[in-house]
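Student: Hi, could you walk me through this model? I'd like to start with the packing.

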Amino acid sequence: MENTLMKPAWYLTDASFDWLFPERIQQMSKRHWTPVGIAKSAAAFLASEGNGKILDIGSGVGKFALIGAHYYPGSFFYGVEQRSELHHYALAAKEYTKTINSEFINGNFTQVNLADYDHFYFYNAFFENLDTRNRIDQQIDYSTSLYQYYSRYLYRELDNKPAGTRLVTFHSLEDEVPPGYRLIDASEDFLLKMWMKK
């Protein structure tokens, strides 16, 4: 018989959530996956109006989307991830946790129509192009020009969104944030920032 009382434990600590994945993936958690507390704060801001479609750009193993979906069942959380291995782990975690209000897309975020989504979460997925020491793997191309291209692309897409669009950035250099977005709130260390388009 399934112990349903254990389910919420997956969302309480990083260690309990990481248990959903193989050891190699767990070892990447501290540097590459959103901490549980950050995910809860970001999701609270993005899902505050309810019924929204929230997209995590560079969603990795789906940690933010799964945590957000658990705590805010009235919203739908999506993740787009270009690495097929990480996408596979996100789908497996979604199935294992029986999360119904999340979906994961395997592809580059530039292949997704961002007009289909209401709000966005961004844990600087582009920074790997600049940081040669802490890359997840060598399965994709990296370059400074790709960082610039992706940042400009997201900047333009966010700039085209309507007033009221919410954006959360974590560890961002803010190259992708248009000036039309007003800072609403931030963590004490200013690594987590919550924005809204004017």
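Tutor: Happy to; we'll take the core, then two helices, then the rings. This is a predicted model, where local features need pLDDT of at least 70, side-chain atom pairs count only at pLDDT 80 or more, and totals for chains, interfaces and linings use all residues. Residues are numbered from 1 along each chain as its sequence is written, and side-chain values use heavy atoms, with hydrogens and water left out.

Student: Great. How many residues are in the largest nonpolar core?

Tutor: It has 35 residues, and those with the most contacts inside it are Phe21, Ile25, Phe64, Phe77, Tyr121 and Val168. Such a core is a set of buried Ala, Val, Leu, Ile, Met, Phe, Trp, Tyr and Cys residues joined through side-chain atoms within 4.5 Å. Buried means under 20% relative accessible area, exposed over 50%, and partly exposed in between (1.4 Å probe, protein chains only).

Student: Which helix supplies the largest share of this core?

Tutor: That's H4, with seven residues. Helices (H or I, at least four residues) and strands (E, at least two) are DSSP runs, numbered from the N terminus.

Student: Switching to H6, which of its residues are buried?

Tutor: Leu86, His87, Tyr89, Ala90, Ala93, Lys94 and Thr97 are the buried ones in H6. They fall within an arc of 160° seen down the axis of H6, so they line one face of the helix. The arc is that of the directions from the helix axis to the C-beta atoms.

Student: What covers them?

Tutor: The cover includes helix H2 (23-26), H5, strand E2 (76-81) and strand E3 (102-106).

Student: And what follows H6?

Tutor: Lys98 does, and its phi is positive, near 55°.

Student: On to H7: which residues are buried there?

Tutor: In H7 they are Leu146, Tyr147, Tyr150, Ser151, Tyr153, Leu154 and Leu158. Their arc around the axis is only 165°, which puts them on the same side of H7.

Student: Lots of tyrosines! How many aromatic pairs does the structure hold?

Tutor: There are 17. Rings of Phe, Tyr and Trp (its six-membered ring) pair if their centres lie within 6.5 Å; planes under 30 degrees apart count as stacked, over 60 as edge-to-face and the rest as tilted. Tyr11 and Phe17 have ring centres 6.4 Å apart and planes at 55°, so that pair is tilted.

Student: What about Tyr11 and Tyr71?

Tutor: They form an edge-to-face pair, 6.4 Å centre to centre with 80° between the planes. Tyr11 lies in the segment before helix H1 (14-18) and Tyr71 in helix H5, so the pair ties together parts that are 60 residues apart in sequence.

Note on methods:
Contact means heavy atoms within 4.5 Å.
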